[in-house]
Amino acid sequence: MQIDYNSLGSRIQEARKNQGLTQEQLAERADLSTTHISNIENAKKIPSLKAIVSIANALSITVDALLCDNLN
């Protein structure tokens, strides 16, 4: 199974914007750099599992909500 990192990044960005957060605010909450958040949202970098979990926790959503199109 191939993970669709474009969709993952889009869902992260949508959830962030729905909560009124900037990339900087999300990065601070997730203990990641703003550049890394930007690269993940734009599918320029593949996030680690730890980063995905940190982002999900920072957004108070589940990891499966971020990976929904990759689940069987």
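Let's start with burial: of the 72 residues in this protein, 35% count as buried. Keep in mind that what you're looking at is a predicted model. The secondary structure is easy to take in, with five helices and zero strands, so the chain simply reads α-α-α-α-α from start to end. Its radius of gyration is 11 Å, close to the 11 Å from the globule rule for 72 residues, so the protein is as compact as a globular protein of that length. The C-alpha trace spans about 30 × 20 × 20 Å along the principal axes. As for contacts between residues at least 6 apart in sequence, 59% of them link residues at least 24 apart.

Now for the inside. The largest nonpolar core has 16 residues, and L8, I12, L26, I37, I55, L59 and L66 are the ones touching the most other members. Two or more residues each come from α1 (5–18), α2 (23–30), α3 (34–41) and α4 (49–59), with α4 giving the most, five residues. Take L59: leaving aside residues up to four places away in sequence, L59 touches I12, A15, R16, Q19, L21 and L26.

That last contact, L26, brings us to α2. Its buried residues are L26, A27 and A30. They cover an arc of only 100° around the axis, so they sit on the same side of α2. From there they pack against α1, α3 and α4. On the face turned away from that buried side you'll find the exposed residues E24, E28 and R29. Just past the end of α2, D31 takes a positive phi of about 60°.

Stepping back out, the accessible surface comes to about 4,500 Å², and carbon and sulfur atoms account for 46% of that.

Key
Residues are numbered from 1 along each chain as its sequence is written. This is a predicted model: local features need pLDDT of at least 70, side-chain atom pairs count only at pLDDT 80 or more; totals for chains, interfaces and linings use all residues. Side-chain values use heavy atoms; hydrogens and water are left out. A nonpolar core is a set of buried Ala, Val, Leu, Ile, Met, Phe, Trp, Tyr and Cys residues joined through side-chain atoms within 4.5 Å. Buried means under 20% relative accessible area, exposed over 50%, partly exposed in between (1.4 Å probe, protein chains only). Helices (H or I, at least four residues) and strands (E, at least two) are DSSP runs, numbered from the N terminus. Contact means heavy atoms within 4.5 Å. The arc is that of the directions from the helix axis to the C-beta atoms. The radius of gyration is taken over C-alpha atoms; the globule rule is 2.2 Å times the number of residues to the power 0.38. Accessible areas come from the Shrake-Rupley method with a 1.4 Å probe; for residues, only the protein chains shown count as cover.
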